[in-house]
There are 2 protein chains.
Amino acid sequence: MGSHDNRHALFEAMALMGKAFASPVRLELLDLLAQAPRSVEELARASGQSTANTSQHLQALHAGGLLVRRREGTRVRYALAGEDVLALWLALRDTSAARLAEVERAAREYLGDDVEQIDSEELIVRLDRGTAVLVDVRPQQEFTAGHIPSARSIPLAELRQRLAELPDDHEIIVYCRGPFCVYAHEAVRHLTASGRTARRLQGGWPEWHLAQRAHTGKGAA
Amino acid sequence: MGSHDNRHALFEAMALMGKAFASPVRLELLDLLAQAPRSVEELARASGQSTANTSQHLQALHAGGLLVRRREGTRVRYALAGEDVLALWLALRDTSAARLAEVERAAREYLGDDVEQIDSEELIVRLDRGTAVLVDVRPQQEFTAGHIPSARSIPLAELRQRLAELPDDHEIIVYCRGPFCVYAHEAVRHLTASGRTARRLQGGWPEWHLAQRAHTGKGAA
DNA sequence: CAAGCTATCAAGCTATCTATTGAATAACAA
DNA sequence: TTGTTATTCAATAGATAGCTTGATAGCTTG
């Protein structure tokens, strides 16, 4: 008899995860956690929300199965539940950009003028040849949590003072959190304005990370 | 100044799509549309919702960029907006099953006892050898909209009367809408009870379809 | 153009969600 | 113990979402 009820219960359970994606604040938290695990306070600061509100949203994401949490002394560290969750978030983000004009428009407004891009295959060639250097302009913490091999860390905020560290005779390739993060755009604009040859890597650390996993056969279940 | 506002606007736009996934009714509609495009009334009947309510949910899915619609005479035909949307829905579904105990439990309750499975590689081998026949037990309409090559259509409701059509000396491999659809489970249980050798194909038409697309290089943008 | 069918709209009620506030709890240090 | 910091809980008000009902609009057919 209750086969209908059972089917509805199934979709209701799936909607627990769906609901987690239904708030802009939660999406921003996911995006931050795609870079590195963080405490509630760090996430609150980075997202511009109150601590209590951030905590509530994190619990919603946790209830949706997207996050794991661990107490570390006096603070609680939240992290994405797994690479499948990371892939799901990137898929939602990219599909929304492809299908919703609103997202495209907002992205253009936020990122400003396009800067020259380079894809990861080309990047590898140029690094091998030694004609380019790779710079990670995300905050130090995110670099420490994981970065593209052979990248050096120069957080965007420090770029202005640390220009001398970058060789004059190399092309500079910059990456950050991903295609919807301003850091690399701003870095490239600043570098170009300073007379350097600079480009933005297409995709950021999460994309690189996922692609590596896929190639080495550690793919999804 | 408004760089914060711009970032928030970006996530708000992405959340338009996120919100579309936040209701069990909408997920069921997506799941139906993953099989074949349909009119509002068909979707209402299949999902057990009122027409008005179904229409509203379809509009929400449309606003989220997940559906396209086209007027066809007196009715409106809704369809998934693209293969990226199909892939996204399958990813959400599978991730929720992997990460949420509630989904696993609901799926077990709904599907009943496990039946023997076979993966698509093995399927191809057995079809080549001619030791197996492949049966699509979804409603006729969905078969017509797309099916695995070499499958024959026997909707579950007709299986009982059409048993004679199936050769006695072949293994019968059954598929339906996907891993969370009961049809194939029930078909295999019925066939086995009738003394046949039957198994369920792992994954249904949408999974097969996406996998084919990926192999032939028509992958995502 | 009138009838009939499909889909959408509009209004209303209830339930759920969001952000805020202030209090409560957990871990740790002195 | 007491104090301090990080996080969660509880209560609230305002906004949104969900489903129902009845009216409206679009297309087709006679």
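Me: Which strands of chain B does helix 10 lie across, and at about what angle does it run to strand 8 of chain B?
Reply: Happy to start there, with the reminder that this is a predicted model. Helix 10 of chain B covers residues 182-193. It lies across strand 7 and strand 8 (198-201) of chain B, and its angle to strand 8 of chain B is about 170°.

Me: What is the strand order of the open sheet of 5 strands in chain B, and which strands stand at its edges?
Reply: The pairing in this sheet is parallel, and the order is 4-8-7-5-6. Two strands have a single partner each, so one side of each is left without a neighbour in the sheet. Those edge strands of chain B are strand 4 (117-118) and strand 6 (152-153).

Me: How many bridges join strand 5 and strand 7 of chain B, and which residue stands opposite B:Val135?
Reply: Strand 5 (residues 132-136) and strand 7 (residues 171-175) of chain B pair in the parallel sense, over 5 bridges. Within that part of the sheet, the residue of strand 7 of chain B opposite B:Val135 is B:Val174.

Me: Turning to chain A, which residues stand across from A:Leu134 in strand 7 and in strand 6?
Reply: Strand 5 of chain A pairs in the parallel sense with strand 7 (residues 171-175) over 5 bridges, and 3 bridges join strand 5 to strand 6 (residues 151-153) of chain A, also running parallel. For A:Leu134, the bridge partner in strand 7 of chain A is A:Ile173. In strand 6 of chain A, the residue opposite A:Leu134 is A:Ala151.

Me: How many residues are buried in helix 7 of chain A, and how many in strand 5 of chain A?
Reply: Helix 7 of chain A spans residues 120-129 and lies largely in the open, because the number buried among its 10 residues is 1. Just after this helix, A:Gly130 takes a positive phi of about 80°. Strand 5 (residues 132-136) of chain A is mostly covered, and of its 5 residues the number buried is 4.

Me: What is the strand order of the open sheet of 3 strands in chain A, and which residue is the bridge partner of A:Glu72?
Reply: The order is 1-3-2, with antiparallel pairing. Strand 1 (38-39) and strand 2 (67-72) of chain A are the edge strands, each pairing on one side only. Strand 2 of chain A is joined to strand 3 (residues 75-80) by 6 bridges. In strand 3 of chain A, the partner of A:Glu72 is A:Arg75.

Me: Which residues come nearest to DNA strand C, and which helix gives the most to the surface there?
Reply: There are 24 residues around DNA strand C, and those that come nearest are A:Gly73, B:Ser39, B:Glu41, B:Ser55 and B:Arg75. Helix 4 (51-63) of chain A supplies at least two residues of this surface, as does each of helix 3 (40-47), helix 4 (51-63) and strand 3 (75-80) of chain B. The surface divides into 8 nonpolar, 11 polar and 5 charged residues. With 5 residues, the helix that gives the most is helix 4 of chain B.

Me: How many residues surround DNA strand D, and how do they divide by type?
Reply: DNA strand D is surrounded by 26 residues, and the closest are A:Ser39, A:Glu41, A:Ser55, A:Arg75 and B:Ser23. Helix 3 (40-47), helix 4 and strand 3 of chain A, together with helix 4 of chain B, each supply at least two residues of this surface. By type, the residues divide into 8 nonpolar, 13 polar and 5 charged.

Me: How many residues of chain A are in contact with chain B, and which helix of chain A gives the most to that side?
Reply: In chain A, 44 residues are in contact with 44 residues of chain B. Helix 1 (3-20), helix 2 (24-33), helix 5 (83-99) and helix 6 (101-111) of chain A each supply at least two residues of that side. With 15 residues, the helix of chain A that gives the most is helix 1.

Me: What turn lays chain A on chain B, and which C-alpha of chain A is nearest the axis?
Reply: A turn of 180° with a shift of 0.0 Å along the axis lays chain A on chain B with an RMSD of 0.0 Å. That is the relation of a two-fold axis. In chain A, the C-alpha nearest the axis, 3.1 Å from it, is that of A:Ala22.

Notes:
Residues are numbered from 1 along each chain as its sequence is written. Chains are lettered from A and ligands numbered from 1 in the order in which they are written. This is a predicted model: local features need pLDDT of at least 70, side-chain atom pairs count only at pLDDT 80 or more; totals for chains, interfaces and linings use all residues. A residue is near a molecule or strand if its C-beta atom, placed from the backbone, lies within 6 Å of it. Ala, Val, Leu, Ile, Met, Phe, Trp, Tyr, Cys and Pro count as nonpolar, Asp, Glu, Lys and Arg as charged, and the others, Gly among them, as polar. Two residues are in contact if their C-beta atoms, placed from the backbone, lie within 7 Å. Copies are superposed by least squares on the C-alpha atoms of residues with pLDDT of at least 70 in both. Two strands pair if DSSP finds at least two bridges between them. A residue is buried if 20 or more other C-beta atoms lie within 10 Å of its own, exposed if 12 or fewer, and partly exposed in between; C-beta atoms are placed from the backbone. Axes are lines fitted to C-alpha atoms, for helices over the stretch in contact, and angles run from 0 to 180 degrees between N-to-C directions.
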